[in-house]
Amino acid sequence: AFGDIAGFTSMCQTLDSHEVINLVNTLFSLLDDLAFMFDIEKVKTIGDAYMCVSGVENLHQSNTASMACFVHEARVAVGMLGKWRNLPENVRYTMRWGIHVGPVTAGVVGKKKLQWDVFGDSVNTASRMESTGERGCVQ
């Protein structure tokens, strides 16, 4: 699954850089906690995007349900977080999500700053679903 902050560019133009980093850190820390609760593996963050998978390291029959529950709870939590943060009226704190089910290839790539990553059509499809999705929705 991929999730990103809808309207992140305009948010960066409205808030100072320290507040943006603080908001992103708070959000991703929250998502990390939810990922742990639902046995979801965070692959990486890319700017304001959060990429995660289910079933790569721990295959079980409820991987799809775990991801759906994770994204649902993330949507609820992000909505509450946006209200709690007292953001300016013109800043809306919502995410859009793309989820796809299918095979992936996982591995460590590169020579420096090594990181585990996943590849495949399922990854590309989830990414496209997120990037073309509507604010606050799951595709």
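**Exercise 1. Cysteines**

Cys69 has a relative accessibility of 38%. Classify Cys69 as buried, partly exposed or exposed, then find out how many disulfides the predicted model holds.

*Solution.*
- Step 1. Buried means under 20% relative accessible area, and exposed means over 50%. At 38%, Cys69 therefore counts as partly exposed.
- Step 2. Look for a partner. The cysteine sulfur nearest to that of Cys69 belongs to Cys52, 13 Å away.
- Step 3. Apply the cut-off. A disulfide needs two cysteine sulfur atoms within 2.5 Å. Cys69 is in no disulfide.
- Step 4. Take the total. The count of disulfides is zero.
- Step 5. Add another cysteine. Cys12, at 33% relative accessibility, is partly exposed.

**Exercise 2. Arg96 and its partners**

Name the residue that forms a salt bridge with Arg96 at 3.0 Å, and say which parts of the chain the pair ties together.

*Solution.*
- Step 1. The partner is Asp4; the closest N and O atoms are 3.0 Å apart. The limit for a salt bridge is 4 Å.
- Step 2. Place both residues. Asp4 sits in strand S1 (residues 2-6), and Arg96 in strand S4 (residues 94-98). The pair therefore ties together parts that are 92 residues apart in sequence.
- Step 3. Check the surroundings. Asp4 and Arg96 are both buried.
- Step 4. Widen the view. Glu130 joins Asp4 and Arg96 in a network of salt bridges.

**Exercise 3. Two lysines of strand S2**

Lys42 and Lys44 both need a partner. Find the salt bridge of Lys42 and that of Lys44.

*Solution.*
- Step 1. Start with Lys42. A salt bridge joins Lys42 to Asp32, with 3.2 Å between the closest N and O atoms.
- Step 2. Locate the pair. Lys42 belongs to strand S2 (residues 41-46) and Asp32 to helix H2 (residues 17-37). The two residues are ten residues apart.
- Step 3. Read the accessibility. Lys42 has a relative accessible area of 32% and is partly exposed. Asp32 is partly exposed too, at 28%.
- Step 4. Turn to Lys44. The Lys44 side chain meets that of Asp117 in a salt bridge, at 2.7 Å from N to O.
- Step 5. Locate this pair. Lys44 lies in strand S2 and Asp117 in strand S6 (residues 115-119), so parts 73 residues apart in sequence are tied together.
- Step 6. Classify Asp117. With a relative accessible area of 7%, Asp117 is buried.

**Exercise 4. The total**

How many salt bridges does the structure hold?

*Solution.*
- Step 1. The structure holds four salt bridges.
- Step 2. Among them are Arg96 with Asp4, Lys42 with Asp32 and Lys44 with Asp117.

Definitions and conventions:
Residues are numbered from 1 along each chain as its sequence is written. This is a predicted model: local features need pLDDT of at least 70, side-chain atom pairs count only at pLDDT 80 or more; totals for chains, interfaces and linings use all residues. Side-chain values use heavy atoms; hydrogens and water are left out. Helices (H or I, at least four residues) and strands (E, at least two) are DSSP runs, numbered from the N terminus. Buried means under 20% relative accessible area, exposed over 50%, partly exposed in between (1.4 Å probe, protein chains only).
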